[in-house]
Amino acid sequence: MKDDPRRRIPRTDTVLADPRVAEAVRGAGRAVAKAAVVAAQQRAREGLIAPEDVVAATVSALAAGPRRVINATGVLVHTNLGRAPLSQAAVEAMSAAAGCTDVEFDLVTGERARRGRAAMAALAAAVPDAEDVHVVNNNAAALVLAATALAAGREVVISRGEMVEIGDGFRLPDLLESTGARLREVGTTNRTNARDYADAIGDETGFVLKVHPSNFRVEGFTAAASVAELSALPVPVVVDVGSGLLAPDPLVPDEPDVSTALRDGAALVTASGDKLLGGPQAGLILGRADLVQRLRRHPLARALRVDKLTLAALEATLRSEPPVRLALHTDIDRLRRRAHRLAALIGAGGPDGNAPVECEVVESVAVVGGGGAPGCELPSVALALPVRLALPLRLGDPAVVGRVAGGRLLLDLRSVSPDLDDELAEAVRACT
Ligand SMILES: *Cc1c(COP(=O)(O)O)cnc(C)c1O
């Protein structure tokens, strides 16, 4: 096979001698660099990358630290890309908190104070329906803490329709059972009513758990008991709303929110900090003062606590308008104007007078993602580029990640913060 592309895969020594690789070799060491070259060659042999991209793939593998990524996937909360990007205010707050701070100290009295009280106060102010609040490492930790403190050795009553897998093989039922709580399953996959819960409740019940099936939808002959119905039961109702919406949002009408769940009678609500709330990874726990206090005082709480950087970022997030919320609320005309400006910049050709790349403005559909608002489509606008740019864009700095559809690379602008537009255009022009 004379034109077998595998014959064009560069030899290891050739790659190592490339000036772009040579610099990375100095940082990583020759043995590590060699392994990276071999891995890139293997990927080229398997047809996963083009032979011409072996050098770029090696450089990318050897780059130190996490790489900056422009999320042009159209998925607003992309778990694999670090979920919510933080607001400028949150970034500055984290930077300010990086040294010594008053995270657990009262500067007026000069004595120890409740940890993270400023963040707790901001969260309590944002959700007046909560009697008390607590923050842990993530929503999974919030559920583990609730199950351990309120139901270890006892039962958690849960609908069979809400025995969900969060992602990457993590299943909520396994997580709950790892605490020593037993699951008492009620209803069926598609239908569970209040009576099913009532029949299962007894001396062994720790609490009723209602989980938002956030990453899938069951349609057709379905029924579920509402939080309001369940709150009439003589046991606490814990509601996992998932996405971290603090109040209803008409743009994601089916997404449950913390305030409504509390008003409907939930004893405790748990949510993530880094989904639609737009903040750092965290697990929010809000609700009845006595229950929040039991969770906060449980020995396990210490193992799940958040650090000062998270507390600083969370407080700033609650006091600002984070990028995820701006992206969700951006109107389509604004996206269209940005797209045409970018298309003009890109169509003008590369920085070294390279040939202009084909770039068309097309309609697109963005989604919330990250296990949020399944089935909710957000109208969007994308730049359609030749698909051959997908890999070089991913290997650039910053990396640009889009999505491939209909044989073209789409860069969806709803998930790109407008202040990254010029960098995005520059990244595309550099690849042409
Ligand atoms: C995302 C999600 C979780 C997991 O939250 P983490 O903050 O990632 O631990 C749990 N439950 C629901 C309903 C979710 O949507």
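# Ligand shell, sheets and backbone oddities

By class, the shell around the ligand in this predicted model breaks down into 2 nonpolar, 7 polar and 3 charged residues.

User: Which residues make up that shell around the ligand?

Analyst: Helix H7 (139-151) and strand E10 (237-242) each put in at least two of them. The count by class is 2 nonpolar, 7 polar and 3 charged. By name, the residues around the ligand are Arg83, Asn138, Asn139, Ala140, Ile166, His212, Ser214, Asp240, Gly242, Ser272, Lys275 and Gly371.

User: How far is an oxygen atom of the ligand from an N or O atom in the side chain of Ser272?

Analyst: Ser272 belongs to the shell, and polar contacts here are N or O pairs within 3.5 Å. For the Ser272 side chain and a ligand oxygen, the separation is 2.7 Å.

User: What part of Ala140 lies 2.9 Å from an oxygen atom of the ligand, backbone or side chain?

Analyst: With Arg83, a polar side-chain atom sits 2.9 Å from a ligand oxygen. Ala140 also has an atom 2.9 Å from an oxygen of the ligand, and that N or O atom is from the backbone.

User: How much of the ligand's accessible area does the protein cover?

Analyst: Among the polar contacts is the one from Ser272, at 2.7 Å. On its own, the ligand has 390 Å² of accessible area, and the protein's share of cover is 93%.

User: Where is Arg83 found, and what is its phi near?

Analyst: Arg83 sits in the loop between strand E1 (69-71) and helix H5 (88-97). Most residues other than glycine have a negative phi. Arg83 has a positive one, near 55°.

User: Which residues does a cis peptide bond join?

Analyst: Look in the loop between helix H17 (390-394) and strand E15 (399-401), where Pro398 lies. Omega there is about 0°, and the cis bond links Asp397 and Pro398.

User: Why do strand E13 and strand E16 each have one side without a neighbour in the sheet?

Analyst: Four strands run in the order E13-E14-E17-E16 in an open, antiparallel sheet. Strand E13 (360-367) and strand E16 (403-405) are at its edges, so each is left with a single partner strand.

User: What does the twist average in that sheet, from one strand to the next?

Analyst: The order is E13-E14-E17-E16, and within it E16 pairs with strand E17 (residues 408-412) over 3 antiparallel bridges. Arg403 stands opposite Leu410 of E17. From one strand to the next in this sheet, the twist averages 45°.

User: Which are the edge strands of the open sheet with 7 strands?

Analyst: That sheet has mixed pairing and goes E4-E12-E11-E10-E9-E5-E8. Pairing on one side only marks the edges, namely strand E4 (132-136) and strand E8 (182-186).

User: Which residue stands opposite Val238?

Analyst: E10 lines up in parallel with strand E11 (residues 268-272), over 4 bridges. The residue in E11 that faces Val238 is Leu268.

User: How far apart do the end C-alpha atoms of residues 6-45 lie?

Analyst: The unreviewed UniProt entry annotates this span as "domain: L-seryl-tRNA selenium transferase N-terminal". Residues 6-45 are 80% helix and 0% strand, and their end C-alpha atoms are separated by 6 Å.

Conventions
Residues numbered from 1 in each chain as written. Predicted model: local features only at pLDDT ≥ 70, side-chain atom pairs only at ≥ 80, totals over all residues. Heavy atoms only, no water. UniProt positions renumbered as here; feature names shortened; annotations may be inferred. Helix = DSSP H or I, 4+ residues; strand = E, 2+ residues; numbered from the N terminus. Near = heavy atom within 4 Å. Polar contact = N/O pair within 3.5 Å; in protein donor to acceptor, adjacent residues only side chain to side chain. Areas by Shrake-Rupley, 256 points an atom, 1.4 Å probe, with all protein chains shown as cover. Nonpolar A, V, L, I, M, F, W, Y, C, P; charged D, E, K, R; others polar. Pairing = 2+ DSSP bridges. Axes fitted to C-alpha atoms, helices over the stretch in contact; angles between N-to-C directions.
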